Amino acid sequence: MTEWLLDAVLALLLLALAGGALHARNRYAGVLLFIAFGLILALIWARLGAPDLALAEAAIGAGLTGVLLLAALARQPAGAAREGLSFARHRLAAAAVLVPLLVVLVQGLEPLAAQRSPLPELAAGALEQSGVSHPVTAVLLNYRAWDTLLELAVLLLALLGARQLGPARFEVERPWPLLRAWSRSLAPLLLLAGGYLLWSGSSAPGGAFQAGSLLAAGVVLLRLAGVLPALRWSFWPLRLLVLLGLLLFLAVAIACAWFGDGWLVYPEGWAKPLILVIEVAATLSIAASLSLLVVGEARESGA
């Protein structure tokens with residue numbers, strides 16, 4: 001009964017935060033509600049037994065995305081008027097769209113509840129040949145490695161697209177003394193936590209995206225505290241880190257196709273070391289890309 005009550009409270013709170021974030025008349029309050037929405041969603045993923053998604057949601061959905069929204073808010077002109085429909089019309093429009101959509105979804109998903117997917121048994125049965133002992137990592141970097149490769153490509157395209165929007169710096173002119181004091185203690189802890197998630201990803205929840213998000217959070221924290229210098233796209237080692245994960249992933253895919261049985265079909269006995277190398281490179285690329293997206297300079301003069 002207690003668990004059902006907790007789940008009901010989390011579900012209602014999630015809906016309330018989503019509605020508040022969408023309809024808040026004050027943009028700053030809307031951003032804060034969105035960040036709170038991401039944190040509650042991370043708790044819900046944890047309750048559903050998906051710690052990998054919970055970690056990614058807390059780090060990217062609530063943390064780094066919240067910082068990006070605050071950066072966008074800081075660029076808005078002071079006293080900008082809220083445009084669009086009135087609050088009442090917003091509710092009517094949302095109801096007109098969501099109610100039919102929910103009816104269609106319920107009717108479409110109801111038959112699936114009685115079916116049992118064979119995929120979990122198939123994934124568990126091939127773990128010994130996958131090179132890892134965690135099924136999520138096996139899916140992401142062995143069974144469906146192409147999906148992860150394309151995700152790295154999408155992240156790179158997002159960074160390149162954001163650069164075309166012009167300089168978008170998010171900095172604190174005068175860092176709070178508390179931020180400067182805590183950043184030097186929290187950043188090493190984030191580094192250790194990221195390294196642990198990277199290493200444990202082969203046998204427990206974790207992996208490159210979670211580890212890279214924590215490393216990026218540490219970089220953002222130190223940058224906002226004024227400890228790190230500005231991140232410049234013209235700095236070639238940083239560009240190399242951004243490209244490293246995708247290029248190494250492609251190199252492994254080409255080598256597997258050239259010397260093995262197909263694209264990203266790892267040779268027998270090589271799956272674990274190749275996955276580890278890919279994970280390390282992807283972690284560094286994700287950390288560098290997210291850091292540039294949040295606190296990096298999009299373009300410098302003469303670049």
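A residue is called buried here when its relative accessible area is under 20%, exposed when over 50%, and partly exposed in between (1.4 Å probe, protein chains only). This is a predicted model, in which local features need pLDDT of at least 70, side-chain atom pairs count only at pLDDT 80 or more, and totals for chains, interfaces and linings use all residues. Residues are numbered from 1 along each chain as its sequence is written, and side-chain values use heavy atoms, with hydrogens and water left out.

Let's look at two helices (DSSP runs of H or I, at least four residues, numbered from the N terminus). The expected span is 1.5 Å times one less than the number of residues, and the bend is the angle between axes fitted to the seven residues ending at a residue and the seven starting there.

| Helix | Span, first to last C-alpha | Expected span | Bend |
|---|---|---|---|
| Helix 3 (residues 51-74) | 33 Å | 34 Å | about 35° at Glu57 |
| Helix 9 (residues 177-200) | 35 Å | 34 Å | about 40° at Ser183 |

In helix 3, the buried residues include Glu57, Gly61, Leu64 and Val67. Among the elements that cover the buried residues of helix 3, by contact (heavy atoms within 4.5 Å), are helix 2 (27-47) and helix 7 (135-143). In helix 9, Ser183 is buried, as are Leu179 and Ala187, among others; the cover of the buried residues there includes helix 3, helix 10 and helix 12.

On the surface, Trp146, Leu243, Leu247, Leu250, Ile254 and Trp263 form a nonpolar patch with about 570 Å² of accessible area together. Helix 11 (residues 236-259) gives the most to this patch, with 4 residues. Trp263 lies in the loop between helix 11 and helix 12, and it counts as partly exposed because its relative accessibility is 48%.

Conventions. Patches are made of residues with over 30% relative accessible area and no salt bridge: like charges are joined within 9 Å, nonpolar side chains (Val, Leu, Ile, Met, Phe, Trp, Tyr) within 5 Å. Accessible areas come from the Shrake-Rupley method with a 1.4 Å probe; for residues, only the protein chains shown count as cover. A salt bridge is a side-chain nitrogen of Lys or Arg within 4 Å of a carboxyl oxygen of Asp or Glu.
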